[in-house]
Amino acid sequence: MVTAKAWVLKKHFEGFPKTSDFDLKKIELLKLKDGEVLLESVFLSVDPYMRPYSQRDMKEGDIMIGTQVARIIESKNPAFVVGAFVVANSGWRTHFVSNGKDLHSLPSSWPESLPKSLALGTVGMPGLTAYFGLLEVCKMKPGETVLVNAAAGAVGSVVGQLAKIGGCKVVGSAGSDEKVAYLKKIGFDEAFNYKTVTSLKEALHKASPDGYDCFFDNVGGEFASVAIHQMKKYGRIAVCGAISQYNDSVPQKGPYVQFPMILKELQMEGFIVHRWNNRREEGQKALLKWVLEGKIKYHEQITEGFENMPAAFIGMLKGENLGKAIIKV
């Protein structure tokens, strides 16, 4: 019998999450039935969406939501062989049993030399979010100017590089000089530290005096309120996240979007990547190809040890990670 460790939500977050909001539990797993597989998590992901979704979808005592790359260590399902790696959506746990329906095999073209953790980042959900958000929501065209905030994060860094592949000028905003240097290294045309500029409005204008055709918004709040006035006529805004507001105990108030949206005839659309689940293979194939060609570069912030998941999650929400935040079990 296998004993799994799992992190549960001990107490709903009030403001910023604290390590005391989590509890580490041990769970005895039952023997496999026909059609089931036993999996061992190898890499786990911490992502911004977990903060608001935990409030909406979880009860206190539930296992924290999330995805992992896992290895099959026992199988009674002919579709899954022992030793194979899959992506699962089974939350913060070291071991778990599945009937296989919720498992995604890594693409067959995945080379041994490429970290399998990328299936949680650049070639996983964050990369697919960038891919479909830019192509289907922003509908970027060659020669346009694309703005992305939280640009050194798991999604934003892929957004900028995809926009460059698509023939666009790219402006990125991040929260440290180290992150700004990284953005320039991976090909952003302009990048600035929003924490140190004297005026966000002036920084945005200086980076692109003619304004922006596309704005990929991961942050919301004040940044979005300022950026919307820098959009070009008929500009498109993809609302992917609002990390500046996730930990607010009192909701932020306006300014409001109606005037600039009317006067500039803007399109603003919120989206969740699962809308394109039927095109997951297409997106993964394209992202993997560009990574292998060196057209998309990646950086992972790897935390060792399952016991450190809450600290890694809190650090990610504070912006301490460069690129994708990953836990190696």
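**A walk through the predicted model**

A150 sits in the loop that runs between strand β8, residues 145–148, and helix α3. The model is a predicted one, and A150 is a convenient place to enter it. The backbone angle phi of A150 is near 45°, a positive value in a residue that is not glycine. As for its surroundings, A150 counts as partly exposed because its relative accessible area is 32%, which falls between the bound of under 20% for buried residues and the bound of over 50% for exposed ones.

From this loop one can step back into β8 itself. In that strand T145 and L147 point one way, whereas V146 and V148 point the other way, and all of these residues are buried. Strand β8 pairs with strand β9, residues 169–174, in the parallel sense, and 4 bridges link the two. Within this pairing, T145 has K169 of β9 as its bridge partner.

The pairing of β8 with β9 belongs to a wider arrangement, an open sheet of 6 strands with parallel pairing, in which the order is β10-β9-β8-β11-β12-β13. Strands β10 (190–193) and β13 (267–270) stand at the edges of this sheet with a single partner strand each, so one side of each is left without a neighbour in the sheet. From one strand to the next the twist averages 15°. Strand β12, which the order places between β11 and β13, spans residues 231–239 and contains Y234. Like A150, Y234 has a positive phi without being a glycine, and for Y234 the value is about 65°.

Pairing in the antiparallel sense is found elsewhere in the model. Strand β3, residues 37–45, and strand β4, residues 68–75, pair in this way over 7 bridges, and here L38 stands opposite E74 in β4. Strand β4 is also joined to strand β5, residues 85–88, by 4 bridges, and these two strands again run antiparallel. In the pairing of β4 with β5, R71 stands opposite F85.

Ahead of β4 in the chain is the loop that leads to it from helix α1 (50–57), and G61 has its place in this loop. G61 is partly exposed, because its relative accessible area is 47%. Although G61 and K10 are 51 residues apart in sequence, their C-alpha atoms are 5.4 Å apart in space. A contrasting pair begins at V2, which lies in the segment before strand β1 (3–9). V2 is partly exposed as well, because its relative accessible area is 26%. The C-alpha atoms of V2 and G166 are separated by 48 Å, and the two residues are 164 residues apart along the chain.

The empty spaces of the model come next. The structure holds 1 cavity of 30 Å³ or more, and the volume of the largest cavity is about 50 Å³. Its lining includes G121, T122, A154, S157, V158, Q161 and Y182, together with K297, Y298, H299, G323 and K324. Helix α3, residues 156–165, gives the most to this lining, with 3 residues, and α3 is also the helix at one end of the loop that holds A150. By class, the residues that line the largest cavity divide into 4 nonpolar, 6 polar and 2 charged. The lining draws at least three residues from domain 1 (2–121 + 298–328) and at least three from domain 2 (125–274).

Alongside this cavity, the model has pockets, and the second largest pocket has a volume of about 380 Å³. The pocket is lined by 22 residues, of which G221, A224, S225, P255 and V257 are the closest to its centre. Strand β11 (212–217), helix α6 (221–227) and strand β12 are the elements that give two or more residues to this lining. The largest share comes from α6, with 4 residues. Sorted by class, the lining of the second largest pocket has 11 nonpolar, 8 polar and 3 charged residues. This pocket also leads back to the parallel sheet, since β11 and β12 contribute to its lining and both appear in the order of the sheet's strands.

Conventions:
Residues are numbered from 1 along each chain as its sequence is written. This is a predicted model: local features need pLDDT of at least 70, side-chain atom pairs count only at pLDDT 80 or more; totals for chains, interfaces and linings use all residues. Side-chain values use heavy atoms; hydrogens and water are left out. On a 1 Å grid over the protein atoms alone, a cavity is a set of points where a 1.4 Å probe fits but cannot get out, and a pocket is an open set with protein on both sides within 12 Å along at least five of seven lines; lining residues have an atom within 4 Å of a point. Grid points are joined across faces, edges and corners, and a volume is the space filled by probe spheres set on the points. Ala, Val, Leu, Ile, Met, Phe, Trp, Tyr, Cys and Pro count as nonpolar, Asp, Glu, Lys and Arg as charged, and the others, Gly among them, as polar. Domain bounds come from an automatic or database domain assignment. Buried means under 20% relative accessible area, exposed over 50%, partly exposed in between (1.4 Å probe, protein chains only). Two strands pair if DSSP finds at least two bridges between them. Axes are lines fitted to C-alpha atoms, for helices over the stretch in contact, and angles run from 0 to 180 degrees between N-to-C directions.
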